[in-house]
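Visitor: Please take a close look at the pockets of this structure. I would like to know what lines them.

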Amino acid sequence: MALDKIGIAKRIAQELQDGWYVNLGIGIPTLVANYVPEGMTVEFQSENGVLGMGPFPFEGEEDADLINAGKQTITVNPGASFFDSATSFAMIRGQHVQLTVLGAMEVSEHGDIANWKIPGKMVKGMGGAMDLVASAENIIVAMMHSNKAGESKILPACTLPLTGVGCVKKVVTELAVLEIKNGAFHLIERAPGVTVEEIIAKTAGKLVVPAFVPEMVL
Amino acid sequence: MNKVVDHISDALKGIEDGMTIMLGGFGLCGIPENSIKELVKMGTKNLTCISNNAGVDDYGLGLLLQRKQIKKMISSYVGENEEFERQMLSGELEVDLIPQGSLAERCRAGGAGIPAFFTPAGYGTEVAEGKEVRVFNGKPHILESALTADFAIVKAWKGDTEGNLVFKATAMNFNPMMAMAGKITVAEVEELVPAGSLDPNFIHTPGIFVQRIFKGAVFEKRIEQRTVRKRA
């Protein structure tokens with residue numbers, strides 16, 4: 001069965017490593033914070049100027065001055081810090097943040113990503129996404145394999161305006177974990193009960209399928 | 001040097017039609033809300049506003065958009081504002097979208113006397129069009145120029161009569177860089193205290209960057225996405 005959003009977040013959480021600083025984008029990526037493996041210490045950075053993000057506040061304890069990049073009210077953990085936007089992106093560009101997880105509208109077999117604009121229809125802006133993808137050593141994209149019309153979002157080349165080129169290393173969808181290298185998607189794992197055939201059918205970009213594709217263990 | 005102005009109209013005196021204004025804030029967090037309302041009252045037109053976001057339809061910079069006081073917005077993300085999207089798609093409003101880190105650094109550079117810098121952000125995208133590309137350590141970068149403004153309007157938690165500022169939590173965001181990049185920087189603060197009351201070890205923005213400071217009358221501090229968890 002295909003994963004739901006929580007399943008995708010749980011699978012991405014398995015990529016975390018002890019001692020990492022991690023930036024989570026809006027949407028599914030935000031959920032990753034809920035599934036940090038037991039005994040592991042990971043600090044979450046939000047590009048609007050906080051390191052050491054904690055859970056959402058209890059009702060009545062919201063602070064308008066304390067939000068994440070999705071403009072949601074948050075709390076901070078002991079040892080947190082606040083800083084200005086230039087310092088925040090120094091952390092990101094300077095590769096002090098080890099992992100970036102973000103959503104996408106399209107990803108290409110060369111690791112290009114598009115997630116900020118649909119010409120003539122939707123222009124929200126790139127926010128911090130271009131800075132994040134241009135610099136992070138590890139970029140994992142959390143997305144659905146196909147759009148609402150059923151068309152693959154895992155493509156030979158992006159059709160929408162790009163956010164970054166050759167930067168995405170790994171994609172986790174409701175169907176599969178894909179690694180991007182040498183100009184192709186490599187099928188690493190499939191969601192429990194999902195067949196390799198379904199993944200092949202829903203992947204428009206070049207897909208390398210090994211003889212054995214293990215199921216994800218969530 | 002005493003930077004205090006008693007009335008908000010004195011704080012914003014000199015802002016004229018067609019000027020470029022920086023406004024601090026991320027979403028509605030840390031925006032100079034009193035000054036924005038005053039700009040509505042002043043009716044100043046054809047403004048170029050440099051601000052990470054454009055407010056929401058009925059608050060923040062959305063108030064200036066509603067009244068068509070803004071000619072051009074320079075921002076990184078404008079997704080929370082329908083009127084903005086309408087004006088942009090119809091061509092009434094000029095919009096320059098900039099990666100958030102580049103926007104922050106361009107303001108910092110403007111205030112720090114650095115005319116331009118190279119960044120990897122935006123290489124290979126629309127943002128790089130017409131910009132010089134240079135390879136450093138095997139990686140392509142694009143040349144981004146500094147930003148300055150006729151006025152920078154920032155919001156701080158505490159400020160003293162010398163213009164020294166302390167920000168609270170994530171309400172800091174773009175405010176410190178913009179404070180540096182304004183020819184005239186106006187700070188509206190929640191608490192205005194006498195010089196000597198703030199610990200010099202914990203000043204975020206030194207008073208040299210601030211020309212005028214005043215205590216804001218009302219801080220509504222609207223929350224865009226109120227997210228909470230239930231008590232166990």
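Guide: What follows covers the pockets, then the cores and the contact of the chains.

This is a predicted model, in which local features need pLDDT of at least 70 and side-chain atom pairs count only at pLDDT 80 or more, while totals for chains, interfaces and linings use all residues. Residues are numbered from 1 along each chain as its sequence is written, chains are lettered from A and ligands numbered from 1 in the order in which they are written, and side-chain values use heavy atoms, with hydrogens and water left out.

A pocket is an open set of points on a 1 Å grid over the protein atoms alone, where a 1.4 Å probe fits, with protein on both sides within 12 Å along at least five of seven lines; its lining residues have an atom within 4 Å of a point. Grid points are joined across faces, edges and corners, and a volume is the space filled by probe spheres set on the points.

The largest pocket has a volume of about 1300 Å³. It is lined by 41 residues, and I26(A), G103(A), A104(A), M105(A) and N115(A) are the closest to its centre. At least two lining residues come from each of strand 1 (21-24), helix 2 (28-31), strand 5 (99-102) and helix 4 (129-135) of chain A. Helices (H or I, at least four residues) and strands (E, at least two) are DSSP runs, numbered from the N terminus. Strand 5 of chain A gives the largest share of this lining, 3 residues.

The second largest pocket has a volume of about 560 Å³. Its lining has 28 residues, of which T30(A), A33(A), F44(A), M53(A) and G54(A) are the closest to the centre. Helix 2 of chain A gives two or more residues to this lining as well, as do strand 2 (43-46), strand 3 (50-53) and strand 4 (76-82). Strand 2 of chain A gives the most, with 3 residues.

The largest nonpolar core, a set of buried (under 20% relative accessible area, 1.4 Å probe, protein chains only) Ala, Val, Leu, Ile, Met, Phe, Trp, Tyr and Cys residues joined through side-chain atoms within 4.5 Å, has 50 residues. I12(A) and V22(A) are among those with the most contacts inside this core. A second, separate core of 39 residues includes I31(B) and L47(B).

Finally, the contact (heavy atoms within 4.5 Å) between the chains takes 49 residues from chain A and 52 residues from chain B.
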